[in-house]
Amino acid sequence: MKNLVVFSGAGMSAESGISTFRDKGGLWEKHRIEDVATPEAWNKNRALVNEFYNQRRKQLLEASPNAGHLQISAWQNNFELHVITQNVDDLHERAGSQRVLHLHGELRKVRSTLNPDLIYSLNGWELKIGDKCEKGSQLRPHIVWFGEMVPAMEDAKKIISQAEIIVVVGTSLSVYPAAGLIDFRSGSSKVYLIDPGDFDLHYVRGLTHIKKKASEGLKELDELLIKDAAETGA
Ligand code: APR
């Protein structure tokens, strides 16, 4: 089976009703990054930061995977599938994808402010100021904030370097280091971008842009991959 890696961003979950960040009406139009998504913000106003993520979590619990998430998990029957996502939702997992690497953390998890290795699944949507880890320190959202390291980056580079087919879906490719992941691909890999937005990606050799929403674009790509496999006997 060929090795296929999906690299997803917020647009992947847009059709599940979860707002993207930089589109018109997106989250960063309604909230300032420096108020809710940095370690400084957490130190300055924990209640505000915590409430921001509580609201995101509440919204996520009401959302379901869309046809795009389901299409990706169905590829496990035909490909060695890895998903690398910038999304903090768990919609890839809920759609059945088994190998999902989260670059920017996971909304349904929280962790100790004393020891980052103490990570817990949160029941329900609400983390309260005053909820503590087993060592007695405040729990925080398990999110990679702006200015923090991206611990999963090394694993992600390794996964992308082994991909034969790369499917980038629903990301503006504007936040580093995640956006630079594609640079670590093998030169012989095929790259597909599924996103309704305009991009200048002339420097990515062998790129095919399917300028559509995730669900529709992934369906189209599925047909293309089946056709390719039939032609090459792969
Ligand atoms: N299907 C596919 N793509 C879509 C859809 C859709 N239905 N709707 C919007 N998009 C595309 C937009 O065209 C845009 O390119 O999704 C992309 C969303 O871009 P961003 O909002 O910048 O989201 P993302 O790239 O995931 O952001 C990266 O920034 O603040 C952060 O940590 C956060 O992980 C996030 C990172």
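**The ligand shell and an internal cavity**

Sorted by class, the residues that form the shell around the ligand comprise 9 nonpolar, 9 polar and 5 charged members. The model is a predicted one, and the values given here are computed from it. In total, 23 residues surround the ligand, and the closest of these are Phe21, Arg22, Thr171, Ser172 and Asp195.

Within this setting, several polar approaches to oxygen atoms of the ligand can be followed residue by residue. At alanine 10 the approach is made by the backbone, with an N or O atom lying 2.8 Å from an oxygen atom of the ligand. Tryptophan 28 instead contributes its side chain, an N or O atom of which is 2.8 Å from a ligand oxygen atom. At glutamine 86, a polar backbone atom is 3.1 Å from an oxygen atom of the ligand. Of the 730 Å² of accessible area that the ligand has on its own, the protein covers 91%. The space that the ligand takes is the largest pocket.

Apart from the pocket, the protein can also be examined for enclosed space. The count of cavities of 30 Å³ or more comes to 1, and the largest cavity holds about 50 Å³ of space. The lining of the largest cavity is made up of Val168, Leu173, Ile182, Val191, Leu193, Leu201, Val204 and Leu207. By class, this lining divides into 8 nonpolar residues, with no polar and no charged ones, whereas the shell around the ligand includes 9 polar and 5 charged residues beside its 9 nonpolar ones.

Methods:
Residues numbered from 1 in each chain as written. Predicted model: local features only at pLDDT ≥ 70, side-chain atom pairs only at ≥ 80, totals over all residues. Heavy atoms only, no water. Near = heavy atom within 4 Å. Polar contact = N/O pair within 3.5 Å; in protein donor to acceptor, adjacent residues only side chain to side chain. Areas by Shrake-Rupley, 256 points an atom, 1.4 Å probe, with all protein chains shown as cover. 1 Å grid on protein atoms, 1.4 Å probe; cavity = no way out; pocket = protein on both sides within 12 Å on 5 of 7 lines; lining within 4 Å. Sits in = over half its atoms within 2 Å of the grid points. Nonpolar A, V, L, I, M, F, W, Y, C, P; charged D, E, K, R; others polar. Points joined across faces, edges and corners; volume = space filled by probe spheres on them.
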